[in-house]
Amino acid sequence: MSLPMVKQVIDAYFEILDEEKSERADIQFFGGEPFYSPEVVYFSVVYARRKAEERAMDIHFEVTTNGIFSADVAAWVADHFDAVILSLDGPMDIQESQRPARNGKPVFPIVYNNAKIISSGSADLILRSCISQKTARRIMEITAWIVEEFHPKAVCFESVHPTGQSKKAGLFPPGPVEFARQFHASARILEAHGIAAVHSTTDVSICRTTICPVGRNALIISPDGAVDACYLPEKAWRDAGLEFRLGKVRAGKFDINENVLQGIRRLANGDKPSCVNCLCRYHCAGGCHVRQNGNRSIGRYDNTCMQTRLVTITNLLRRLNENDLATEWLTDEAAMARFACQSSDHISEMA
Ligand code: SF4
Ligand code: SF4
């Protein structure tokens, strides 16, 4: 994104905040990789902070990054951001095999050192570990390593999303049963250290109608000034039959298509037809609007749903302090399979 475009976007954003008499601004950077253009990040943070200070407004900065930058940048990030979501899949062999650098040189030492620097700064560090069928059995080991090495606020475990590239690399999503077992055991360790264990579709601490920016009035701005509701490239949501182009930045203002905006709000606020009998609908909310488009028949679950269902049950049991019951249930594969596939969770319809 060019610096003049950054300025236009931030000006347009503060104009909305002023109209809404908002007391807080939220700016998030993601990519690709934001720090491929560090000057854009530096300028945005300094410029937006100045505008917030002029209004005595709180401002919150978050970045999602691969952590491949210099130690100086890491120190700046640690002191200037409120939250840093860093992709770190695990110890060296895991990180290098799942996230090799394009030039073939090892990048683990850089990411590891930067995680250490950010971990000791004022920003909240959220480590994001992508789990494949190869690493599912090692989630506990990854957890123990993280607890030993860093001081994150949260650790987020997410399954590999299958793409052409991940399949070529031999990386596939883990089995739901294995993932649920390992996630529960890891969550117990993390929570004992005051670290939150996160899995995006199974947060049972809140009820929600969408798990992502879609439907929350977020404005996702591309370098050319396009304003979208979703992180994915245009082709991905158009291929799924969705219209997520909210508008464009024009002459320092957001030119928003009101019909599209209302359509997105309706999409995110309605139950997906295939989810109506699933207890996870209050937390998973139907998952990703693009990748889980809700066209399945009611009560038919794919592997992503089964994983969500199993992890949700153990999260609920942990919240009820029924840790031992959860651990015992996780040893009973037949019970897990029955629940994972159960077509309706309505008590009146259970056998
Ligand atoms: S059916 Fe699947 S997508 Fe829908 S709420 Fe349940 S787990 Fe989520
Ligand atoms: S629709 Fe899917 S890809 Fe798009 S922002 Fe939501 S979760 Fe992310």
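The following paragraphs lead through a predicted model, beginning with its two sheets and then turning to helix contacts, ligand surroundings and some backbone details.

A good place to begin is the sheet of six strands, which is open, follows the order S1-S2-S3-S4-S5-S6 and is paired in the parallel sense. Its edges are formed by strand S1, residues 24-29, and strand S6, residues 196-198; each of these has a single partner strand, so one side of each is left without a neighbour in the sheet. Going from one strand to the next, the twist averages 15°. At the S6 edge, the pairing with strand S5, residues 154-159, is parallel and rests on three bridges, and within it Ala154 has Ala196 of S6 as its bridge partner. Helix H8, residues 176-192, packs on this sheet, where it touches S5 and S6 as well as strand S4, residues 124-131, and the direction of H8 makes about 160° with that of S6.

The model also contains an open sheet of four strands, in the order S7-S8-S9-S10, and here the pairing is antiparallel. As a general point, the strands of a sheet pair through backbone hydrogen bonds, and they may do so in either the parallel or the antiparallel sense. The edge strands of this sheet are S7, residues 220-221, and S10, residues 253-256, each of which pairs on one side only. Strand S8, residues 226-228, runs antiparallel to strand S9, residues 245-250, and three bridges join the two. Along this pairing Ala226 stands opposite Lys248 of S9, while Asp228 has Arg245 of S9 as its bridge partner.

On its way to the edge strand S10, the sheet continues through four bridges that join S9 to S10 in an antiparallel arrangement, and one of the bridge pairs brings together Gly247 and Ile256 of S10. S9 and S10 form a hairpin with two residues between them, and in the turn Ala251 has a positive phi of about 45°. Helix H1, residues 3-19, lies across S7, S9 and S10, and runs at about 110° to S9.

Beyond the sheets, two helix pairs can be followed in some detail. In one of them, helix H3, residues 71-80, packs with helix H5, residues 108-119, at an angle of about 30°, and the axes are 8 Å apart. Because of this angle, H3 counts as roughly parallel to H5, and H3 passes H5 in a right-handed crossing. On the H3 side the contact is made by Ala71, Ala74, Ala75, Val77 and Ala78, and on the H5 side by Asn113, Asn114, Ile117 and Ile118. Sorted by class, the residues of this contact are seven nonpolar, two polar and no charged.

In the other pair, helix H11, residues 303-319, and helix H13, residues 333-341, have axes that come within 9 Å and cross at roughly 115°. Here too the crossing is described as right-handed, with H11 passing H13. H11 contributes Met306, Arg309, Leu310 and Ile313 to the contact, and H13 contributes Met336, Phe339 and Ala340. This contact between H11 and H13 has six nonpolar, no polar and one charged residues.

The surroundings of the ligands come next. Ligand 1 has 14 residues around it, of which Cys275, Cys278, Cys284, Cys305 and Thr308 come nearest, and the shell as a whole divides into six nonpolar, five polar and three charged residues. Around ligand 2 one finds Cys212, Pro213 and Val214, then Cys230, Tyr231 and Leu232, and finally Cys288, His289, Val290 and Arg291. This second shell divides into eight nonpolar residues, one polar and one charged.

Some details of the backbone complete the picture. In general, most residues other than glycine have a negative phi, and most peptide bonds are trans. Lys21, which is not a glycine, nevertheless has a positive phi of about 55°, and this residue lies in the loop between H1 and S1. Gly31 and Gly32 are joined by a cis peptide bond, with an omega of about 10°. The place of Gly32 is in the loop that runs between S1 and helix H2, residues 38-54.

Terms used
Residues are numbered from 1 along each chain as its sequence is written. Chains are lettered from A and ligands numbered from 1 in the order in which they are written. This is a predicted model: local features need pLDDT of at least 70, side-chain atom pairs count only at pLDDT 80 or more; totals for chains, interfaces and linings use all residues. A residue is near a molecule or strand if its C-beta atom, placed from the backbone, lies within 6 Å of it. Ala, Val, Leu, Ile, Met, Phe, Trp, Tyr, Cys and Pro count as nonpolar, Asp, Glu, Lys and Arg as charged, and the others, Gly among them, as polar. Axes are lines fitted to C-alpha atoms, for helices over the stretch in contact, and angles run from 0 to 180 degrees between N-to-C directions. Angles under 35 degrees count as roughly parallel, over 145 as roughly antiparallel, 65 to 115 as roughly perpendicular and the rest as oblique. A crossing is left-handed if the near helix is turned anticlockwise from the far one by less than a right angle, and right-handed if clockwise. Two residues are in contact if their C-beta atoms, placed from the backbone, lie within 7 Å. Two strands pair if DSSP finds at least two bridges between them.
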